[in-house]
Structures are given as C-alpha cells and as structure tokens.
Amino acid sequence: MISKVQGFKSKTPVVVITILMAACSIIYELVLAQTLTALFGGVVLRYSITIGLYLLGLGLGALYFERYSHGSADRFFRTQLILSTLGSLGFISLIFISGWQYDFPWLVWAYAHSLIVIIGFFSGLEIPLMNALNKNKLTQTLSLDYLGGLIGSVCFPLILYPYFGLITTSLIAAFINLSLCTYLAFTFKKPTGVKVLLIVALVVFLILLINQETLIEILKNIYITGTLNGY
Amino acid sequence: MNKTLPLATLLVITIILAFCSIVYQLLLAQTLTEIFGGSVTRYALTIGLYLFSMGLGVSAYSFFKKKLSANLILLEVVLSLTGATVIFGLFLVAFMALDAGITSLIIGHALICVIGFLSGMEIPFLVDLDSKKRFSLILGFDFIGTLFGALAFPLLFYPNFSLFSVGVYVALLNFVIALYLFIKVKPERWLEKILIFATGLFFVGMVLFHSSLSEKVMEQYQLKKHALNWNFSGSSWKDLIPNISVVDSFRTPFQRVMIIEDKPGSVPPGKTLYLDKSVQLQDWWIDSYHETLSLLTLLFQENKPLNIAMLGGGDGILAHHLLLDPRVGNIDIIDIDKKFMDYMRNDAHYQQFHQNSLSNPKVNIYNRDAYAYLRKNSLEDLADKTLYDAIILDLPGLKDGDKLKHLYSQEMFTFINESLSPDGVMITWHYWDQSHQAVLKQTLLAAGFTNLYLACSNVSEASLIYMNDKEACIEYFMVANTQQQEPKANPQNLSTYQQVWLEKNQTKNQWQPLLDLGIRAHSIFRPNYDLIPKKK
C-alpha cells in the first residue's frame, strides 16, 4: 500500500513543509494556552494542561494512523485544510463564545480544551502522513518535525505573541497551513475548482491579515461587551 | 539487558516514566519562571526544547543501543540523579550568576535538553523490552502517563509542595523503577550494583535532608537578591548580608511570600515583604504609600456613604486607612490569595499597620480572581450591577512579566470603568519607567477613561533619610475617571502626613485630559510588553 503513495520528487518541499506544519501546530497550541490563561487565569495550570492534552492528541493521532489510516497525498492535503480551519475559525469562534456565553464559563473551557486535543490529534496524524510522502524516511521526517516544533515554540514567545498578539498569530499560522494546502493542490493536480477555492481563501486570509486591526477591535468588543454592539 | 518483561509490568513502568518525565519538564519551566520571570517565554521554550531533545533521544537510541550494551537501569539512574538535583543546581547557578544573568539561563535550558534527551531514549528501550515489540501500545500508555503528570503537577504538586520536594520525590519514583529493573534483571556487571547502591544511599540522604538543604539554598539566593536590590550605601552586597535575615518564606497556591528583615543600622531598617519577584511592602514607606493612596481615594468623593472596591490589598493596610473616614460605608476586597490574607491577619508585625481592619463589619472579602469578578459585574444588567465610587488597584508589581499583566489590560480597565458610578474614580500605583507609564495611559484611554490625576508620595521623613531629597517621590499614583472633577468634601480624620501632603500638593496637582499617545494599548489578545518596567 505505502509503496504506491505518490510522494514528493525533491527534498526541498519535504523540508519546508514538515518544518512549517510542525511550527504551525505548536503555535496553535500555545495560542490556546495563552488564551486560556487570559480568560481563566493561572499560568501554570493552563500551560501544563495544554502540554499534556497536546501530547495526548499527538499520540492519539499517531495511533489512529497506525490502526485505521494509510499514507496518501489526499489525506495529507485534507489534514492541512482541517488544521488551517481549526486554527483560525476554531480560535476566533472561541472568542465569540467567551463573549456571548460569559455566564457559562465551563462551555468556553470545554470548547477550548477540545480544540487543544483535536488540533493535537490532526498534528499527530500529519506526521506519519508526511512520512509516507517522504518515502518512509522516518528519522528524517521526525527530525524535521521536531525542528519545526522548536522553531514554532521559539517564535511564539519572542516574536509572534509580543508583536502580533493572539488573533493575528493564529491567522498567520492558519495562512501558512492554507498555503501548504494550495501548494499540495497544485503539486498533486487537484481539480481546478479546488485550486480556485483555495486561492480565494488565501486572498480572504490576506485581506484579514491586512485589516487585522479592525478584526482585533471587533473581537475585543465582542469579548468585552458580550454583544456585537457597535458593529 | 536482553530479557523481556511481562506486558502489564511494562505498561505500568511506561506510565510511571512518562509521568516523571513531564513533571521534570514542568518543574524546570516553573523554576525558570520563578528565577527569570516571563512565564509565556519559559513555558513555550520548555515545550519546544523538551519535545526537540526527546526526538533527539529517540533518534540517538539506535546509536547507543549497541555501543553501550543498552542498559535501561543506567539510564534511569542517571535520570533520577539529574531530576533530584536539577532544581538545586538551577538555584545555585542563579545565586552565583545573580548579577550576571545569561549564564544560568543557558544552563537552565541545557538541562531541559538533557532531561528531554534521556526521556526520549526511554521509549525505544521500553519497546525493546516487550517480547512482541508493540510500539503503538507502549506509545499510547506513554501519552496517558504524560497526561497524568500534566494534571498532577499544576493541581496537586505545585500548590502543595516545594519545587525542590517535587523534584526529589519524582526522581525517587524514577529510582524505584531502576531498582525494580535491577532486582528483576539481576545484571552481572559490578557497575550496576555499585551504582544502584550509591544512588540508593544518595536518595536516603536526599529524602532526609532535602528540605533543610533547599531552605538554605533559597535563603542565600533571596538574601543576595535583596542585598543587590536595596543597596543605598553603595557597599558590596557581601557586606550587607550579615545585617539581613529571612524572617519567613512560603508559597501560597498563587505566589511566593517572603519577608526579609534588615537589622537596625542597615539602610533601610525594618521588614520587606516580597510577593514573587516584586516588593509589596517595606516598613520605611508603608505608611506614606497607604496614606497617600487612601487620601487620593477619598479626595474626590462627595459627602455620602461610599462604596469602595479594592483589587488585591489583602494585607488589609489600605482598608485600615480608608475606614478612618466615616463616609466609607462598604469596602469589597477582591483578593485571590486567602492563604496570604490569613497570614497577614495573624502576623504580629503587620497587625500594627492594619489594625485588624479585615475583621471590620464594613469590609467584605471575596477570595476570587479580580479579573473574573469585575468582568462578570460589568456584564450584568444595570439593575444587578454593583457600582463603586472608587476602585483601587493595590496589586503586586509587574516584575514577573506575564503573571499579572492581564490585570492592567484594556479589557480589565473597561470592566473597571463599567463598574464605576458616573463620577467614580480608579486609582492605581505605577512604576516611574516612562514607557510603562505611557502604555498605562494609552490603555486607560482605550478603556474609556478620559482624565488623569497624577500624584506621588514625597513628604516622608524616609525620603529625606534614604533618598537624601525631601522632594523625592517614593511611590507614584494615577487616578483616572470619565469627568474632570474638583475635590468635593474634605476627607476626615487625616493624619499629619496627609495634612502636609494636601497643603503641598492640592494646588500643584491638576486633572489633565488623557491624550492619544499614538502607541498600542495593552490587551489580553495583543500585549504591549512596554508595560513591563525595565530593569534598573
């Protein structure tokens, strides 16, 4: 089965994609950990639980792959798409819910923690999928993945969070995931409709990133007032 | 070690080892946070470095397997020794490099890599110990152990035990595994036998003496830090050490509380209370700080029963000064740390400053997170909302970087503004640091405040003695509201200090409009780290 998987022809996309996808995953998790800290307080508790649930999700994803899945470019493509959606819309909806449902903090709590596990799960799934596309050179895939994780966890506290904040950071990571999708769509010759949709989505993300100030103001307002008043 | 172990035993060992490994990691992240501050950076970097070095460990296993005649016992012994000593090592390095800085930071992160690397090598070892090499099953149990550890550390270990004890006992657990393997496998070589015996002795010593040893280490570390911080005389910190002593040091679920006493003759004498890295109270300015803060609260109030909220202020000293004015009808103290409040209530030294104000019937205590409390209040319908005539932020300093910065965010100030009566005021102390002040002002503006009244305490005898300048400001304060106002009714029962302060400052200080400084407000979603005061 695995030998039939259509893989990458050169090494450059493998290196770039593996590093970027690993960095994005850990950035989503750190965004969620910091959001939970901001919403509920208690840095030690939030970060510890996020790490634990992230590793659990990673493990579940890897186990799921071993039992029920197999390597394919299609599956890898879908995983990137799901991660991009969860990282951006999942996170933005978390702020919406925390604004509207302030009387039910447990709902926000449960939603945020499910996001941590689900993003962990798909991040765990993307590693063996990437490995299959990399002709099962496991050590190489894993090393690149760890390197990407390290890069993500250095960039988040030193650059992304202090200069861009949580909302823009999640958008940047989702934009990177989406760009990877688009690249895969062209490499693995997806139907034209899919390519067009992806490019449209990329443009939408770009517009959001350019107008990040407005987006941040809207989300802040929802969070502070619990309504959409003024927008 | 070519034997295999029964699956059930192997899975239990897997869970325990994964548990130990994640606890080490969180322990390191927290220790680095307590030494250097900046929890976001510490935790994020720890996660990244740990996963990275674990990966290296897994990859390196295949190299070590043959050359070192693979020995899990050896690995566990090394890991348990590292785990038991790592926190001591970090504090010792931090102690030696207090005035150097970066060295201990590098060593701390290198230690994360060492422990991550060793933990990474465990997994393939365990797989090799299974007769059927069931990799995914063992990996699955590894993740369960990790989750247990990630829950146990913040919920059980961190609130109840010192970081040193957690390190020692988790390492002991690691050693028990090594011991079990030793008994089970009965290795031939003398190396293992001697190692196990020596490490066993080491742990007996550690369990018996680690708490007194850790107290010694912490005490020396804190004394040196204090001596470096409060050195008005210009002499070396070593000369100051004989004159200072740690009176009390403990951790509550929320912060480290430490009281240091400078003996008479040293400058300045008296007690200093630290909350985490920030100075909260010092005897030589305790009165001028609280009397100025209470005067500023009462100065702009009308002649009516006043409803006041204090965020923090669990020491009860500010409440005592406010209660001297009969207009004060109710004080809500919202302070998260019950253990700290109970300590202050019963401490003989601080009783002279708070006069048991926390037991006054006008005082209501809410041991809650101030952020959550005010957010809920501000989102209530007007009929259910509590409106305050003054909200005072009497919070610990921002030296830790990340821990308290949400309490100075645009979101928090908006909740405060929404919880004030129309002519109510918000009062806070602040650092002198210019960019800190600028971000604070911009954030208040973003939260809907329009006017500012700046003040400082400066007529204390202490400012003359220790700062050699009677006009020197000791503490800085900001009062903010949404409509400019004059002092309305004279506060009553003023102390001599307060009367002098009023005479000197009432005409000098004036309300000024809050201006857009063109910088970014500090938000929980997008921080502005200029809020954190720079080191001197």
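Let us begin with charges: a search of the whole structure, which is a predicted model, turns up 14 salt bridges over all chains. One of them makes a good starting point. E213(A) sits in helix α7 (residues 212-225) of chain A, while R526(B) belongs to the segment after β12 (511-513) of chain B, so this pair joins two chains. The closest N and O atoms of E213(A) and R526(B) are 3.0 Å apart. The two partners have their own surroundings: E213(A) has 46% relative accessibility and therefore counts as partly exposed, whereas R526(B), at 10%, counts as buried. Across the interface of chain B and chain A, the rule finds one salt bridge.

That pair brings us to the interface itself. Here 47 residues from chain B meet 51 residues from chain A. The size of an interface is often given as the accessible area lost when the parts come together. For chain B and chain A, the two bury about 4500 Å² between them, and 73% of this lies on carbon and sulfur atoms. Our friend R526(B) appears again, for together with L379(B) and F525(B) it supplies 17% of the area that chain B buries against chain A, more than any other three residues.

Polar groups take part as well: 11 residue pairs are in polar contact between chain B and chain A. On the side of chain B that touches chain A, the elements giving two or more residues are α1 (7-36), α2 (39-67), α5 (135-160), α13 (370-379) and α14 (410-418) of chain B. The most comes from α2(B), with 13 residues. Sorted by character, this side of chain B has 26 nonpolar, 13 polar and eight charged residues.

Let us stay with helix α2 of chain B for a moment, since T41(B) is found there. T41(B) has 16% relative accessibility, below the 20% limit, and so counts as buried. Beyond its neighbours within four places in sequence, T41(B) is in contact with P157(A) and L158(A) from chain A, and with D402(B) from chain B.

Now for the interior. The largest nonpolar core holds 229 residues, and those touching the most other members are F156(A), F153(B), L311(B), Y408(B), F413(B), I416(B) and F449(B). Helix α5 (residues 138-187) of chain A gives the most to this core, with 17 residues. To see how one member is placed, look at F156(A). Leaving aside neighbours within four places in sequence, the contacts of F156(A) in chain A include I27(A), L30(A), V31(A), Y47(A) and L166(A). F156(A) also reaches chain B, where V40(B) and A44(B) are among its contacts. A second, separate core has 13 residues, including F250(B), V257(B), L273(B) and Y350(B).

Finally, we can return to salt bridges, this time within chain B. D342(B) and R345(B) both lie in helix α11 (residues 338-346) of chain B, three residues apart, or about one turn of the helix. Their side chains meet in a salt bridge of 3.9 Å, N to O. Both count as partly exposed because D342(B) has 30% relative accessibility and R345(B) has 26%. With K338(B), they are linked in a network of salt bridges. Another pair is E380(B) and K376(B), whose closest N and O atoms are 3.4 Å apart. E380(B) is partly exposed at 26% relative accessibility, and K376(B) is partly exposed at 41%.

Conventions:
Residues are numbered from 1 along each chain as its sequence is written. Chains are lettered from A and ligands numbered from 1 in the order in which they are written. This is a predicted model: local features need pLDDT of at least 70, side-chain atom pairs count only at pLDDT 80 or more; totals for chains, interfaces and linings use all residues. Side-chain values use heavy atoms; hydrogens and water are left out. Contact means heavy atoms within 4.5 Å. Buried area is the accessible area (1.4 Å probe) that two parts lose on being put together, summed over both. A salt bridge is a side-chain nitrogen of Lys or Arg within 4 Å of a carboxyl oxygen of Asp or Glu. A polar contact is a pair of N or O atoms within 3.5 Å; within protein, one must be able to donate a hydrogen and the other to accept it, and residues adjacent in sequence count only if both atoms are side-chain atoms. Helices (H or I, at least four residues) and strands (E, at least two) are DSSP runs, numbered from the N terminus. Ala, Val, Leu, Ile, Met, Phe, Trp, Tyr, Cys and Pro count as nonpolar, Asp, Glu, Lys and Arg as charged, and the others, Gly among them, as polar. A nonpolar core is a set of buried Ala, Val, Leu, Ile, Met, Phe, Trp, Tyr and Cys residues joined through side-chain atoms within 4.5 Å. Buried means under 20% relative accessible area, exposed over 50%, partly exposed in between (1.4 Å probe, protein chains only).
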